Amino acid sequence: MTPADLSPCVVRAVRRAVADGELGVGTVVPERVVVERTRPGGVGEYATPAALAVARSAGRPPRDVAGVLARRLGAEPGIERVEVTGPGFLNFVLPAPAAPALVAQAIVLDIAIRDVRGGAAFIPDDPAAPDDPEDADTAAGPRERVVRRCVQRLVRAQGGSEQDVPADLPVAPLARRDADAVRRYGADAACWAMLAVPARETPAFSDVLLHQGEASEFFRVRYAYSRSRALVRNAGQLGFHPEAGEVDDAPALLRLLADHPLVLEAAAHHRAPERLVRHLVELADALLDFHHRVLPQGDEKPSAAHRARLALAEAAGTVLAGGLALLGTDAPERL
């Protein structure tokens, strides 16, 4: 079981508890629930407040509902442990993620994001091109458009529609000194800065956005993607190709790839693109720590381990490119 499987698993547990009479017939079964990684210091690895919402229609205390669900979920294959904390939070511990499943998951996510684009070639957002010419000269216009378009893409990637995005989405405008940010930093870097902080906060711009080095998170994310593509090209020159298999020396990368669907769901649910930005930075850093171990070194011959590492690196690159597309920025294959 992957973290992405937890949401439908919880929904099934609610439905079966109602069918078996453990929860009242008036209990509303949610279509989906939000599962997120537990915050530092919390219990378990993943958590959901689903029982609190279900309790309202069940007419029972949230901890009682959580206890019913915990007993059922604890018997599910692939879930190591379920605990109830606080007023009724469900907390989960899962086995270590398996690389082949994460490679397959990356492909499914890539298809979903391509569907959001309608199958068309990716065209980055241009914050300087207003939807309505009347707001072209307002400092708030570009930021509002960038945030709204990103949230719309995130929601559509979760199966929603643009109508699910509230019209009163609060977005802080650009500071007056940053009104020409697109001209100074370029559309891609400007979009990144506008989305890197919560919508209600004013974004900060600096020349670090233009640095081609470690100091720039924007550069690191795009560089990590370009490195993943270079690894595939270099492997081809050495006569081998990606092939999904177990990888035992990339725990951080595996964990972050496993969490990616949850990040997308939470970013859409909370209308919070900055969550995706933070996750892409962590994922890029993990890939850059790992990429040195992908190709054979010295006189080594390509092995099944190299093919499996290459498949994992390629999957990470695919996820990075998809995340950048959801943000409205380009992912160049060469930097």
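What follows is a walk through some helix packing and a few individual residues in a predicted model.

Helix α11, residues 304-327, is a handy place to start, with two partners to look at. One of them is α4, which covers residues 99-116; the two axes come within 9 Å and cross at roughly 30 degrees. With the cut-off for roughly parallel set at under 35 degrees, α4 therefore counts as roughly parallel to α11. The crossing is left-handed. On the α4 side the contact uses Ala 99, Val 103, Ala 106, Asp 110 and Ile 113, and these meet Ala 311, Leu 312, Ala 315, Thr 318, Val 319, Gly 322, Ala 325 and Leu 326 of α11. By class, that contact comes to 10 nonpolar, 2 polar and 1 charged residues. The spacing of such contacts has a simple background: an α-helix has 3.6 residues a turn, so residues three or four places apart point the same way.

The other partner is α10, residues 273-290, whose axis comes within 10 Å of that of α11, at a crossing angle of roughly 155 degrees. Angles over 145 degrees count as roughly antiparallel, so α10 is roughly antiparallel to α11. Here too the crossing is left-handed. From α10 the contact takes in Pro 273, Leu 276, Val 277, Leu 280, Leu 283, Ala 284, Leu 287 and Phe 290. From α11 it takes in Arg 309, Leu 312, Ala 313, Ala 316, Gly 317, Val 319, Leu 320, Gly 323, Leu 324, Leu 326 and Leu 327. The class count for α10 with α11 is 16 nonpolar, 2 polar and 1 charged. As for α10 itself, its 18 residues reach 26 Å from the first C-alpha to the last, close to the 26 Å expected at 1.5 Å a residue. This helix is mostly covered, with 13 of its 18 residues buried.

Back to α4, which also meets α9. Their axes come within 10 Å and cross at roughly 35 degrees, again in a left-handed sense. The residues involved are Ala 99, Leu 102, Gln 105 and Leu 109 of α4, together with Leu 254, Leu 257, Ala 258, His 260, Pro 261 and Leu 264 of α9. This contact has 8 nonpolar and 2 polar residues, and no charged ones. Gln 105 of α4 turns up in another contact as well: Thr 2, in the segment before α1, touches Leu 94, Ala 101 and Gln 105, leaving aside residues up to four places away in sequence. With a relative accessible area of 16%, under the 20% cut-off, Thr 2 is therefore buried.

Two other helices can be checked for length. In α3, residues 62-73, the 12 residues should span 16 Å at 1.5 Å a residue, and the end C-alpha atoms are indeed 16 Å apart. Its buried residues are Val 65, Ala 66, Gly 67, Val 68, Leu 69, Ala 70 and Leu 73. These pack against two helices, α1 (6-19) and α2 (50-58), and two strands, β3 (81-85) and β4 (89-93). For α8, residues 217-237, the 21 residues should span 30 Å, which agrees with the 30 Å between its end C-alpha atoms. Just after α8 comes Gly 239, with a positive phi of about 90 degrees.

A positive phi also shows up at Arg 271, at a value near 55 degrees, and this one is not a glycine. For context, most residues other than glycine have a negative phi. Arg 271 sits in the loop between α9 (251-269) and α10, and at 24% relative accessible area it is partly exposed.

Gly 24 and Glu 333 round off the tour. Gly 24 lies in the loop between α1 and β1 (36-37) and is partly exposed, at 33% relative accessible area. Its C-alpha is 8.0 Å from that of Gly 59, a residue 35 places away along the chain. Glu 333 belongs to the segment after α11 and is partly exposed too, at 36%. Leaving aside residues up to four places away in sequence, Glu 333 touches Tyr 225, Ser 226, Arg 229 and Arg 233. Between Glu 333 and Ala 286, 47 residues apart in sequence, the C-alpha distance is 18 Å.

Definitions and conventions. Residues numbered from 1 in each chain as written. Predicted model: local features only at pLDDT ≥ 70, side-chain atom pairs only at ≥ 80, totals over all residues. Heavy atoms only, no water. Helix = DSSP H or I, 4+ residues; strand = E, 2+ residues; numbered from the N terminus. Expected span 1.5 Å × (residues − 1). Buried < 20%, exposed > 50% of the residue type's maximum accessible area, 1.4 Å probe, protein only. Contact = heavy atoms within 4.5 Å. Axes fitted to C-alpha atoms, helices over the stretch in contact; angles between N-to-C directions. Parallel < 35°, antiparallel > 145°, perpendicular 65-115°, else oblique. Left-handed = near helix turned anticlockwise from the far one by under 90°. Nonpolar A, V, L, I, M, F, W, Y, C, P; charged D, E, K, R; others polar.
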